[in-house]
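Please load the model in a viewer and keep the sequence panel open beside it. The stops below are given in the order in which selections may be made.

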Amino acid sequence: MVSEQKNNPRSGIGFFAVLLVVIILGIVILKTCRNTGSKTPEAKKNVASETTEREIINDTFGASENSQSKQSTDITGKVYFCRISEDGTQKMLAAFRKISSPNSLNAALEALLAGPTNAEAEHDIITNIPENTTLKSCKIEGDTAFLDFSSEFEINSFGRDSAMLQLKQIVFTATEYSDIKKVQFLINGENRTYLGGDGIVIGKPLSRDDFS
């Protein structure tokens, strides 16, 4: 009688059926625990990092189309900063800022002089414009913007390359306006031939082509 039960094929099929059901239930329970369980500290850190990066992209490179449509009443302008790459070189990039009017060059330049936000600075975005530089006046004649800066503007302690980038940041910001093609730099109301002691010519209006 016992030997007949051992050799009964139905008994073997029943055992494997039960085993299969147990395995399937185990897989379902395991997946449910993973999906509903709390995130590890490392996972939370990654999520926070991704969120910050998206904020940087929205603030610096422009918000999504949906966000822009919701904030259609906001006036934004581009200002230019630099990002330090892993090899230490700098690359220009545009950041978006709220300004008082679509034609307010003065407001855009003030936003530029205010420098990167704290969130942008955490992502290696910097300005080469010397600290405490102020814009004393802004006047447009034809296609040229005459920008008068305080004496701090001509003292760049980071060398010639940084001084070139500070000029480039301003020229690119100013020429975002379609009617402005060039920038004439003034220091305390004076037209200087060179910027500081680095031999960079600022005695004539500069355009984007001068930095190509």
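## First stop: Arg192 and its partners

Select Arg192, which at 22% relative accessibility counts as partly exposed. The model is a predicted one, and every value in this tour is computed from it.

Next, add Glu154 to the selection. The side chains of Glu154 and Arg192 form a salt bridge, with N and O 2.8 Å apart. Glu154 belongs to the loop between β5 and α7, whereas Arg192 belongs to the loop between β6 and β7 (194-195); the pair thus links distant parts of the chain, 38 residues apart. Glu154 is also partly exposed, its relative accessible area being 22%.

Now add Glu190. A salt bridge of 3.2 Å, N to O, connects the side chains of Arg192 and Glu190. With a relative accessibility of 45%, Glu190 is classed as partly exposed, because the class runs between 20% and 50%.

For a further salt bridge, select Lys204 and Asp210, whose closest N and O atoms are 3.5 Å apart. Lys204 is partly exposed at 41% relative accessibility, and Asp210 is partly exposed at 37%. Returning to the earlier selection, Glu154, Glu190 and Arg192 are joined into one network by salt bridges that share partners. The structure has six salt bridges by the rule applied here.

## Second stop: the aromatic cluster

Select Phe149, Phe153 and Phe185, which ring pairs link into a cluster. The structure holds four aromatic pairs. In the pair Phe153 and Phe185, the ring centres are 5.7 Å apart and the planes are at 15 degrees, so this pair is stacked. Phe153 lies in the loop between β5 and α7 and Phe185 lies in strand β6, so the pair ties together parts that are 32 residues apart in sequence.

Are Phe153 and Phe185 buried or exposed? Phe153 is buried, at 0% relative accessibility. Phe185 is likewise buried, with a relative accessible area of 0%.

## Third stop: the nonpolar core

Widen the selection to the largest nonpolar core, which has 39 residues; the members that touch the most others are Leu105, Leu147, Phe153, Leu167, Ile170 and Phe185. At least two core residues come from each of β1 (76-84), β2 (90-98), α5 (105-113), β5 (144-149), α7 (160-174) and β6 (182-187). Which element supplies the largest share of this core? That element is α7, with seven residues. In soluble globular proteins, nonpolar side chains tend to be buried together.

Centre the view on Leu147. Beyond its neighbours within four places in sequence, Leu147 is in contact with several residues, including Leu105, Leu109, Leu135, Ile170, Val183 and Phe185.

## Fourth stop: the open sheet

Display the strands as a cartoon. Three of them form an open sheet with mixed pairing, in the order β4-β5-β6. β4 (135-141) and β6 stand at the edges with a single partner strand each, so one side of each has no neighbour in the sheet. On average, neighbouring strands of this sheet are turned by 20 degrees against each other, direction ignored.

β5 and β6 run parallel and are joined by six bridges. Leu147 reappears here, standing opposite Phe185 in β6.

Then show the helices that pack on this sheet. α5 touches β4 and β5, and its direction makes about 145 degrees with that of β4. α7 touches β5 and β6, and its direction makes about 130 degrees with that of β6.

## Fifth stop: the hairpin and Ile126

Move to β1 and β2, which pair in the antiparallel sense over nine bridges. These two strands form a hairpin with five residues between them, and Gly88 in the turn has a positive phi of about 90 degrees. To inspect one bridge, select Arg83 together with its partner in β2, Lys91.

Finally, select Ile126, placed in strand β3 (residues 125-126). Ile126 is partly exposed, at 25% relative accessibility. Which residues is Ile126 in contact with, leaving aside its neighbours within four places in sequence? They are Phe81, Cys82, Ile84, Gln90 and Pro116. The C-alpha atoms of Ile126 and Tyr80 are separated by 9.7 Å, although the two residues are 46 residues apart along the chain.

Notes:
Residues are numbered from 1 along each chain as its sequence is written. This is a predicted model: local features need pLDDT of at least 70, side-chain atom pairs count only at pLDDT 80 or more; totals for chains, interfaces and linings use all residues. Side-chain values use heavy atoms; hydrogens and water are left out. A nonpolar core is a set of buried Ala, Val, Leu, Ile, Met, Phe, Trp, Tyr and Cys residues joined through side-chain atoms within 4.5 Å. Buried means under 20% relative accessible area, exposed over 50%, partly exposed in between (1.4 Å probe, protein chains only). Helices (H or I, at least four residues) and strands (E, at least two) are DSSP runs, numbered from the N terminus. Contact means heavy atoms within 4.5 Å. A salt bridge is a side-chain nitrogen of Lys or Arg within 4 Å of a carboxyl oxygen of Asp or Glu. Two strands pair if DSSP finds at least two bridges between them. Axes are lines fitted to C-alpha atoms, for helices over the stretch in contact, and angles run from 0 to 180 degrees between N-to-C directions. Rings of Phe, Tyr and Trp (its six-membered ring) pair if their centres lie within 6.5 Å; planes under 30 degrees apart count as stacked, over 60 as edge-to-face and the rest as tilted.
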